[in-house]
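Colleague: I'm new to this one and would like a close look at a single part of it. Could you start with the rings and then show me how the rest fits around them?

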Amino acid sequence: MDIQAEKLDLVKAILDIEDIGLIKKVKKILKKSDHDWFDDLTEEQQQGVFRALEQADRGEGIPHEEAIARLGL
């Protein structure tokens, strides 16, 4: 089934819902899917992400496995 058919099925299912509580739960799920976790970070944390991306672009990063080993995880 393609994405448009899936969306249509979802719309039909939502239209059949009679329980207001369930409708609110569906709305909450859909709202969360649009939320970007980055927006929840502090300004300092966001700047840290940007610095890390710049370092990675310059080839200054270390492999994930090495980082985990350094942290003892």
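How many aromatic pairs does the count come to?

Modeller: Before the rings, one caution: this is a predicted model, so take everything here as computed from a prediction. Now to your question: the count comes to 2 aromatic pairs. One of them joins Trp37 and Phe38. Their ring centres are 5.9 Å apart and the planes stand at 75 degrees to each other, which makes the pair edge-to-face. If you wonder where that label comes from, planes over 60 degrees apart get it. In general, a pair of aromatic rings is described by just those two things, the distance of the centres and the angle of the planes.

Zoom out a little and Phe50 comes into view: ring pairs link Trp37, Phe38 and Phe50 into a cluster. Two of these residues are worth setting side by side. Trp37 has a relative accessibility of 58%, so it counts as exposed. Phe38 comes in at 16%, so it counts as buried. The cut-offs behind those words are under 20% for buried and over 50% for exposed, with partly exposed in between. Keep them in mind, as they come back below.

What does the cluster sit in? The protein has 4 helices and 0 strands, and from the N terminus the order is simply α-α-α-α. The radius of gyration is 21 Å, well over the 11 Å that the globule rule gives for 73 residues, so the protein is more spread out than a compact globule. Along the principal axes, the C-alpha atoms fill a box of roughly 55 × 30 × 25 Å. Of the 73 residues, 4% count as buried, and Phe38 is one residue that counts as buried. The accessible surface comes to about 6,800 Å², and carbon and sulfur atoms account for 58% of that.

Let's walk along the chain from the start. Helix α1 covers residues 3-15, and Ile14 has its place there. With 31% relative accessibility, Ile14 counts as partly exposed. Ile14 also joins Leu10 and Leu30 in a nonpolar patch on the surface, and together the three have about 240 Å² of accessible area.

Next is helix α2, residues 20-33, where you'll find Ile20. Its relative accessible area is 55%, so Ile20 is exposed. For a feel of how far things reach, try Ile20 and Pro63: they are 43 residues apart along the chain, and their C-alpha atoms are separated by 48 Å.

Then comes helix α3, residues 43-57. There's a nice check to do here. At 1.5 Å a residue, its 15 residues should span 21 Å, and the end C-alpha atoms are indeed 21 Å apart, so the two agree. The expected figure uses one less than the number of residues, in case you try the sum yourself. Arg51 is found in α3, and at a relative accessible area of 47% Arg51 is partly exposed. From Arg51 to Gly61 is 10 residues in sequence and 11 Å in space, C-alpha to C-alpha.

After α3 comes Gly59, with a positive phi near 75 degrees. This stretch also has one of the salt bridges, of which the count gives 2. Here the side chains of Glu60 and Arg58 meet, at 2.9 Å from N to O. Glu60 is partly exposed, with a relative accessible area of 46%, whereas Arg58 counts as exposed at 52%.

The other end of our walk is helix α4, residues 64-71. Glu66 and Arg70 form a salt bridge there, with the closest N and O atoms 2.8 Å apart. Both lie in α4, 4 residues apart, which is about one turn of the helix. Glu66 has 33% relative accessibility and counts as partly exposed, while Arg70, at 61%, counts as exposed. The helix itself is hardly covered, since its 8 residues include 0 buried ones. After α4 comes Gly72, where phi is positive, near 75 degrees.

So, back to where you started: look for the cluster of Trp37, Phe38 and Phe50, and compare exposed Trp37 with buried Phe38.

Key: Residues are numbered from 1 along each chain as its sequence is written. This is a predicted model: local features need pLDDT of at least 70, side-chain atom pairs count only at pLDDT 80 or more; totals for chains, interfaces and linings use all residues. Side-chain values use heavy atoms; hydrogens and water are left out. Rings of Phe, Tyr and Trp (its six-membered ring) pair if their centres lie within 6.5 Å; planes under 30 degrees apart count as stacked, over 60 as edge-to-face and the rest as tilted. Buried means under 20% relative accessible area, exposed over 50%, partly exposed in between (1.4 Å probe, protein chains only). Patches are made of residues with over 30% relative accessible area and no salt bridge: like charges are joined within 9 Å, nonpolar side chains (Val, Leu, Ile, Met, Phe, Trp, Tyr) within 5 Å. Accessible areas come from the Shrake-Rupley method with a 1.4 Å probe; for residues, only the protein chains shown count as cover. A salt bridge is a side-chain nitrogen of Lys or Arg within 4 Å of a carboxyl oxygen of Asp or Glu. Helices (H or I, at least four residues) and strands (E, at least two) are DSSP runs, numbered from the N terminus. The radius of gyration is taken over C-alpha atoms; the globule rule is 2.2 Å times the number of residues to the power 0.38.
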